[in-house]
Amino acid sequence: LGSNPSATFESVQVQPLLFVIATPIGNLGDVSKRALETLASCDALLCEDTRRSSILLERYGIKKQLISYHKFKEKGSLDWILEELEAGRKLGLISDAGTPCINDPGQILVEACRMRGIEVQAVPGPCSLIQALVLSGWDTSRFQFIGFLPKKPEAVLRQAMAYPGTTVAFESPERLVETLKMIDGERVVAVAREMTKTFEECRKGTASELLEHFKANRPRGEIVLLIGEGPTPDDLSLEELVEMLQDLHGLSLKGAIRQAARFKDVPKRDVYKKFHN
Ligand code: SAM
């Protein structure tokens, strides 16, 4: 503590610590040295699926107490986990694959730790949405991630088609063909499948090309779907822009005209004239 009387015991207390550790999305060789060291240093590991995590841990000779922590347990086990952390136990959180909290359990716990002043460290590593973006070869300066597509994806897909950047979504192999049917046939899309595994592929083309391909070759395995950049207001005529604002953003004709005039920097009355003659 030196001579500073305000340096209290807080500075020498054991820091309660949660480690959020990314693990491979297929190829077990993709785990980082730091991830392995951190896993080995924890007192126990919270696992989405203990059996699945055992495969990775056994491969690297790490023996730990494994505690089941899946999405149905996230809220119920919160108090108990926080108490363990506050008692000074060092816990690691891992999901089945990739980065916890990204469509995997973890966010509720991390937020609760933050609120209780429990230190959280994230050990970075594989994440399928980033991997798919990299494989696509598209401009990554603007993208939106929308997680799993809902069972009725029409509205979400309409919004994605208007988004002026790449949209990244998780999709199941059983639904891919139906989803591709709902995307404008001319739109460029990419399907990143089984990344880092034996049958990895990243197939790109128009939605209609990929629809034909996957109708003929039933998709299998894990899939990330990317929908290419939608048009920017500059690419559209005034009429097209007004139509898009109505269709995709649900604006009234009047509202769409007002927005379109603003986007295109033209007087509102000129746009009104086009629609009211
Ligand atoms: N947290 C994970 C991550 O960081 O990648 C994502 C978990 S989410 C529950 C699982 C979904 O991620 C899969 O259904 C699939 O859409 C995608 N995914 C995971 N691994 C993949 C892989 N190796 N290839 C393609 N998609 C993958």
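Student: In this predicted model, a polar backbone atom of which residue is 2.8 Å from a nitrogen atom of the ligand?

Tutor: Let's start from the ligand's side of that pair, which is a nitrogen atom. Its partner belongs to the protein backbone, and the two are 2.8 Å apart. The residue you want is Ile102.

Student: And how much of the ligand's exposed area does the protein bury?

Tutor: Picture the ligand taken alone first: it exposes 560 Å². Put the protein back, and the share of that area it buries is 91%.

Student: What distance separates the backbone N or O atom of Thr99 from an oxygen atom of the ligand?

Tutor: Thr99 is among the closest of the 19 residues that surround the ligand. Here the ligand offers an oxygen atom, and Thr99 a backbone N or O atom. They lie apart by 2.9 Å.

Student: Which residue has a backbone N or O atom 3.5 Å from a nitrogen atom of the ligand?

Tutor: A polar contact is counted within 3.5 Å. This pair, at 3.5 Å, joins a ligand nitrogen to the backbone of Glu194.

Student: Which pocket does the ligand take up, and which strands give two or more residues to the shell around the ligand?

Tutor: The ligand's space is the largest pocket. As for the shell, the elements that give it two or more residues are strands E7 (166-171) and E10 (223-227).

Student: By class, how many residues of the ligand's shell are nonpolar?

Tutor: Set aside the four polar residues and the five charged ones. The nonpolar part of the shell is 10.

Student: How much space lies in the largest pocket?

Tutor: This pocket has 33 lining residues, with Asn103, Asp104, Phe148, Phe170 and Glu222 closest to its centre. Helix H4 (107-116), E7, strand E8 (188-193) and E10 each give two or more residues to the lining. By class, that lining has 13 nonpolar, nine polar and 11 charged residues. The space inside is about 760 Å³.

Student: Which helix supplies the largest share of the second largest pocket's lining?

Tutor: That pocket holds about 270 Å³ of space, and its lining has six nonpolar, five charged and no polar residues. Two helices, H6 (154-162) and H9 (238-249), each supply at least two lining residues. With five residues, the largest share comes from H9.

Methods. Residues are numbered from 1 along each chain as its sequence is written. This is a predicted model: local features need pLDDT of at least 70, side-chain atom pairs count only at pLDDT 80 or more; totals for chains, interfaces and linings use all residues. Side-chain values use heavy atoms; hydrogens and water are left out. A residue is near a molecule or strand if one of its heavy atoms lies within 4 Å of it. A polar contact is a pair of N or O atoms within 3.5 Å; within protein, one must be able to donate a hydrogen and the other to accept it, and residues adjacent in sequence count only if both atoms are side-chain atoms. Accessible areas come from the Shrake-Rupley method with a 1.4 Å probe; for residues, only the protein chains shown count as cover. On a 1 Å grid over the protein atoms alone, a cavity is a set of points where a 1.4 Å probe fits but cannot get out, and a pocket is an open set with protein on both sides within 12 Å along at least five of seven lines; lining residues have an atom within 4 Å of a point. A molecule sits in a cavity or pocket if more than half of its atoms lie within 2 Å of its grid points. Helices (H or I, at least four residues) and strands (E, at least two) are DSSP runs, numbered from the N terminus. Ala, Val, Leu, Ile, Met, Phe, Trp, Tyr, Cys and Pro count as nonpolar, Asp, Glu, Lys and Arg as charged, and the others, Gly among them, as polar. Grid points are joined across faces, edges and corners, and a volume is the space filled by probe spheres set on the points.
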